[in-house]
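Let's take a walk through this model together, with an eye on its rings and on what lies around them. Have the structure open as you read.

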Amino acid sequence: MRLSRRTLLSSLAGSALALGAGAEAGFATEAGAAAARGPAARALARLLPAHRDQVTFTAVPTAGGRDHYRVTGRAGAIHVEGTTPAVQLAGLHRYLRDVADVHISWAGEQTRLPRLLPAVPGAVERTANVSHRFVFNDTNDGYTGPYHDWSYWERELDVLALHGYNEVLVYLGSDSVYHRTFLQHGYHEAELRAWLPGPAHQPWWLLQNMAGFGGPVSAQLMDQRVELARRIIARLRELGMTPVLPGYFGTLPPGFATRNPGAHVVPQGTWAGFARPDWLDPRSVHFTRVAATFYRVQAELLGVTSQYKMDLLHEGGTPGDVPVGEAARAVEKALRTARPGAIWTLLGWQENPHREIVEAVDRSRMFIVDGLSDRFPAVTDREASWEGTPYAFGSIWNFGGHTAMGANVPDWASLYESWRTKPDSALDGIALMPEGADNNPAAFALFSDLAWTDGPVDVEDWFARWPRQRYGADDAHAATAWDVLRRTAYGTTRADSWSEGADGLFGARPDLSVTSAAAWSPPQLRYDGAEFERALPAMLAVAPGLRASSAYRYDLLDVTRQTLSNRSRRLLPRIKEAYGAGDQEAFAALTAEWMRDLALLERVVATDPRHLLGRWIADARSWGTTAQEKDRLAHDAVSLLTVWGPRAGADGGHLHDYANREWSGLVGGLYTLRWRTCFAALTTALARNTAPAPVDWYALEDQWVRTHPAYATEPSGDIVKVAEEVRAALGL
């Protein structure tokens with residue numbers, strides 16, 4: 001079955017692959033000539049322009065239905081064979097890591113190379129052990145960057161190809177698809193644009209959780225977004241990767257039955273304080289008509305693909321009087337009618353997919369990306385859970401884009417291989433799904449390697465080789481640091497039923513008893529914080545010649561930031577103890593230390609462009625055409641990271657700070673304001689021997705979101721110098 005599925009998934013990308021193969025069939029002795037025409041060669045020119053003429057790429061058939069690559073060559077003349085341009089890039093990156101000591105990631109890179117690329121001592125070759133290498137969470141367009149432009153996406157897609165991925169979830173442009181669809185089913189322009197949320201909140205609208213917040217969306221903005229989506233999808237096809245697009249499963253704007261008499265509409269209640277969009281009974285003729293319009297419009301705007309993502313009844317949706325199995329069959333029928341042979345992709349999350357769905361549909365053309373593989377110890381037999389439906393081993397190593405380092409790496413190494421190779425295994429993929437991407441580069445690299453490694457990954461050996469790949473040469477101090485990190489932040493397991501690291505308390509809504517900033521995050525560190533701190537002096541002792549790369553500087557920032565963040569969990573209980581004892585002197589000293597650490601943390605994260613709230617805001621504002629629209633988009637972007645939505649969602653739905661992150665502007669702005677306000681109230685209460693004055697935290701936060709000052713869009717400071725200050729301040 002796997003061979004036929006592999007062929008099926010490749011069919012709709014065939015024209016793009018044929019073009020790539022044709023371009024490279026006339027393999028020339030002049031590497032520069034190849035660089036001018038092949039997709040992989042063009043990517044190389046973007047990534048390593050000084051060496052663009054030293055690599056040739058050749059397309060080859062699959063090996064037993066699997067993607068594979070092979071890299072050979074002498075110094076300055078490297079030859080990469082691979083089944084698609086993206087696979088060729090994966091082979092190139094394997095060579096760069098293992099032979100040239102170069103690493104390119106979404107969070108820092110090391111690209112220092114000799115004039116001639118080093119010879120390959122022995123052929124570097126790998127075959128993928130699964131068909132599907134899927135990437136991105138449904139929430140990615142919100143928590144990673146709803147307002148990124150093509151320059152970001154072009155590099156992101158290159159990096160994903162370098163890491164071996166072949167299926168990329170693309171939600172961008174779906175607002176235009178829904179808008180144009182329902183214009184043909186009784187709705188007017190303005191009411192539909194008001195129904196659409198702002199770009200930062202659209203992922204949850206597509207999941208049928210909410211609508212409207214952050215809108216209305218202008219026609220100009222929709223046009224810009226769909227144009228960017230076209231470019232992303234075109235590049236994916238060029239590289240031989242599959243864009244995974246949303247399918248239609250029944251989401252409706254308000255008032256559908258009024259405009260379409262006889263329609264059976266099921267109200268969906270609320271989700272975390274938001275009114276959910278209505279659901280159209282998929283068994284009805286009205287659904288058939290809307291779905292047909294949806295797929296036609298989507299094809300006109302974005303083209304067709306071989307995989308469509310749909311999650312019925314996500315996080316609490318209700319079927320009402322509609323039998324779930326019959327609904328699933330009807331949704332599947334609409335997809336098959338529009339896209340014969342396409343794969344229906346679903347997220348394995350909470351109770352999804354419901355057993356009634358799995359039992360009702362053609363499981364050979366369904367694919368589940370499991371979000372809980374490394375989360376709960378009770379997850380042991382997905383073949384039984386999903387009745388043999390093909391699935392991907394997945395990881396969600398952060399929620400809301402939290403900046404915490406770490407992942408359940410030992411689980412990846414042990415579970416993936418044992419699940420994949422057991423008798424009658426249905427595991428045929430990996431699914432990289434942090435809610436916010438572009439972080440945790442070691443986790444990114446190691447998880448990606450699962451699909452290209454024969455046998456289980458040797459975690460200790462992997463981390464022993466990582467510093468050389470990451471920084472360009474062996475260094476004893478770097479090795480020490482990463483061994484500490486392997487045993488702490490990257491040594492956690494799902495035994496405690498968590499898959500992400502604990503967030504820091506500096507980003508929490510103030511309370512002396514608070515144990516996490518986000519409501520659904522671990523209440524304590526999942527490793528020894530004191531042991532983790534040993535990584536900071538070791539990182540600072542790395543040879544000066546290895547400190548120039550963005551890879552080293554990103555990692556030093558991450559270790560420094562995490563060290564400070566972890567201290568918040570040791571310090572807050574002491575502050576609470578001093579307050580409870582009425583010890584004003586100790587309370588003053590400890591809260592001063594807390595504010596000092598907050599100030600240090602702000603300076604740490606201000607050194608890196610990827611940790612700047614100011615840049616996040618500037619990106620949002622750049623998509624607006626009027627002052628009013630720019631302000632609305634900025635509010636959409638900043639609210640997601642702070643209050644998330646209105647009071648009902650922030651407080652009643654517990655969404656405030658769900659997407660907390662230790663970024664410059666958030667740390668020095670909102671987080672500092674909140675704790676200063678808290679400590680001032682508590683100091684007054686201690687002095688007067690009274691209860692502290694209550695604080696309406698939502699009102700304070702919402703006011704800040706709407707009136708905050710401008711924040712820097714360019715980094716400031718030297719992370720090495722600031723990290724040395726942190727080490728000295730913490731006595732490490």
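A good place to begin is R661, which lies over the face of W663, at 4.8 Å from the ring centre. Bear in mind as you look that this is a predicted model. R661 also lies over the face of W616, here at 5.5 Å from the ring centre.

From there, turn to rings that meet other rings. The structure holds 49 aromatic pairs. One of them joins Y295 and Y308, an edge-to-face pair with 5.8 Å from centre to centre and 90° between the planes. Because Y295 belongs to helix α13 (residues 285-302) and Y308 to strand β15 (residues 307-309), this pair ties together parts that are 13 residues apart in sequence. Are these two tyrosines buried or exposed? Y295 is buried, with a relative accessible area of 1%, and Y308 is buried too, at 0%.

Now compare the rings of F393 and F447: their centres are 6.3 Å apart and their planes meet at 25°, so this pair is stacked. F393 sits in strand β18 (residues 391-395) and F447 in helix α18 (residues 441-449), so the contact ties together parts 54 residues apart in sequence. F393 is buried, with a relative accessible area of 0%, and F447 also counts as buried at 0%.

Y295 and Y308 have further company: ring pairs link them into a cluster whose members include Y178, W195, W205, Y248 and F294.

Finally, look at helix α4 (residues 39-47), which is mostly covered, with seven of its nine residues buried. Among them are P39, A43, L44 and L47.

Technical notes. Residues are numbered from 1 along each chain as its sequence is written. This is a predicted model: local features need pLDDT of at least 70, side-chain atom pairs count only at pLDDT 80 or more; totals for chains, interfaces and linings use all residues. Side-chain values use heavy atoms; hydrogens and water are left out. Buried means under 20% relative accessible area, exposed over 50%, partly exposed in between (1.4 Å probe, protein chains only). Helices (H or I, at least four residues) and strands (E, at least two) are DSSP runs, numbered from the N terminus. Rings of Phe, Tyr and Trp (its six-membered ring) pair if their centres lie within 6.5 Å; planes under 30 degrees apart count as stacked, over 60 as edge-to-face and the rest as tilted. A charge sits over a ring if NZ of Lys or CZ of Arg is within 6 Å of the ring centre and within 35 degrees of the ring normal.
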